[in-house]
Amino acid sequence: MNDKDCIFCKIVRGEIPSFKVYEDDDTLAFLDIHPVASGHTLVVPKVHATNIFDISSESWTAVSETTRKVAVAIERALEADGVNLMMNNREHAGQVVEHPHMHLIPRFKGDGLKLWPHGAYKEGEAENVQEKIRSVLI
Ligand code: 5GP
Ligand code: ZN
């Protein structure tokens with residue numbers, strides 16, 4: 001099912017042009033229009049959803065496998081030194097387009113791109129957060 005007004009569904013349907021790099025029955029990979037680095041690619045499911053919180057297990061599995069294939073291709077084709085995978089889920093995590101998408105960003109030695117700063121746990125905080133997350137999963 002596609003969403004009428006969703007920009008990535010329009011790209012999937014071919015109503016908006018894109019630089020496609022890979023397509024199969026369940027997923028599409030195309031170049032991000034405002035790349036962090038040349039070759040920055042987005043992998044999307046063809047079935048509309050919003051983000052990680054409502055994507056089906058089947059779509060997610062397909063996105064994951066396409067991400068793996070395209071990441072390998074990007075590194076090889078662009079002679080990159082690595083690839084970052086990143087997914088923004090909900091507005092406060094930086095999500096702008098409300099259709100699930102994985103960012104694949106080629107990285108090069110010395111490119112200077114810093115994705116996020118690291119912090120440190122206070123006494124007892126790691127145990128506390130570990131327990132909170134585990135209690136929802138068990
Ligand atoms: P988000 O911030 O939602 O994780 O990322 C959305 C991404 O989609 C951005 O990096 C943005 O450059 C890209 N984007 C937005 N509109 C278009 C479009 O029409 N075509 C393409 N190829 N990329 C788009
Ligand atoms: Zn959509």
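E79 turns out to be exposed in this predicted model, because its relative accessibility comes to 67%, and anything over 50% counts as exposed. The residue sits in the loop that runs from α2 (57-77) to β4 (82-86). Its backbone is a bit unusual too: E79 has a positive phi of about 50° even though it is not a glycine. For context, most residues other than glycine have a negative phi.

R90 tells a similar backbone story. Here phi is positive as well, at about 85°, and again the residue is not a glycine. R90 belongs to the loop between β4 and β5 (102-107). With a relative accessible area of 47%, R90 is partly exposed, so it falls short of the over 50% needed to count as exposed.

Then there is the zinc ion (ligand 2). Its protein donors are C6 and C9, each through SG, together with H48 and H99, each through ND1. These donors lie 2.0 to 2.3 Å from the zinc ion. The arrangement is tetrahedral because the four donor atoms subtend angles of 106 to 115° around the metal, and the tetrahedral label asks for all angles to lie between 85 and 135 degrees. Along the sequence, the donor residues follow the spacing C-x2-C-x38-H-x50-H. Within this set, C9 and H48 link distant parts of the chain, being 39 residues apart. C9 comes from helix α1 (residues 7-13), while H48 comes from the loop between β3 (41-45) and α2. Both of these residues, C9 and H48, are buried.

How values were computed:
Residues are numbered from 1 along each chain as its sequence is written. Chains are lettered from A and ligands numbered from 1 in the order in which they are written. This is a predicted model: local features need pLDDT of at least 70, side-chain atom pairs count only at pLDDT 80 or more; totals for chains, interfaces and linings use all residues. Side-chain values use heavy atoms; hydrogens and water are left out. Helices (H or I, at least four residues) and strands (E, at least two) are DSSP runs, numbered from the N terminus. Buried means under 20% relative accessible area, exposed over 50%, partly exposed in between (1.4 Å probe, protein chains only). Donors are N, O and S atoms within 2.8 Å of the metal (3.2 Å for Na, K and Ca); water is not among the atoms, so sites may look incomplete. Four donors count as tetrahedral if all angles lie between 85 and 135 degrees; four count as square planar and six as octahedral if opposite donors are over 155 degrees apart and all others between 65 and 115; anything else is irregular.
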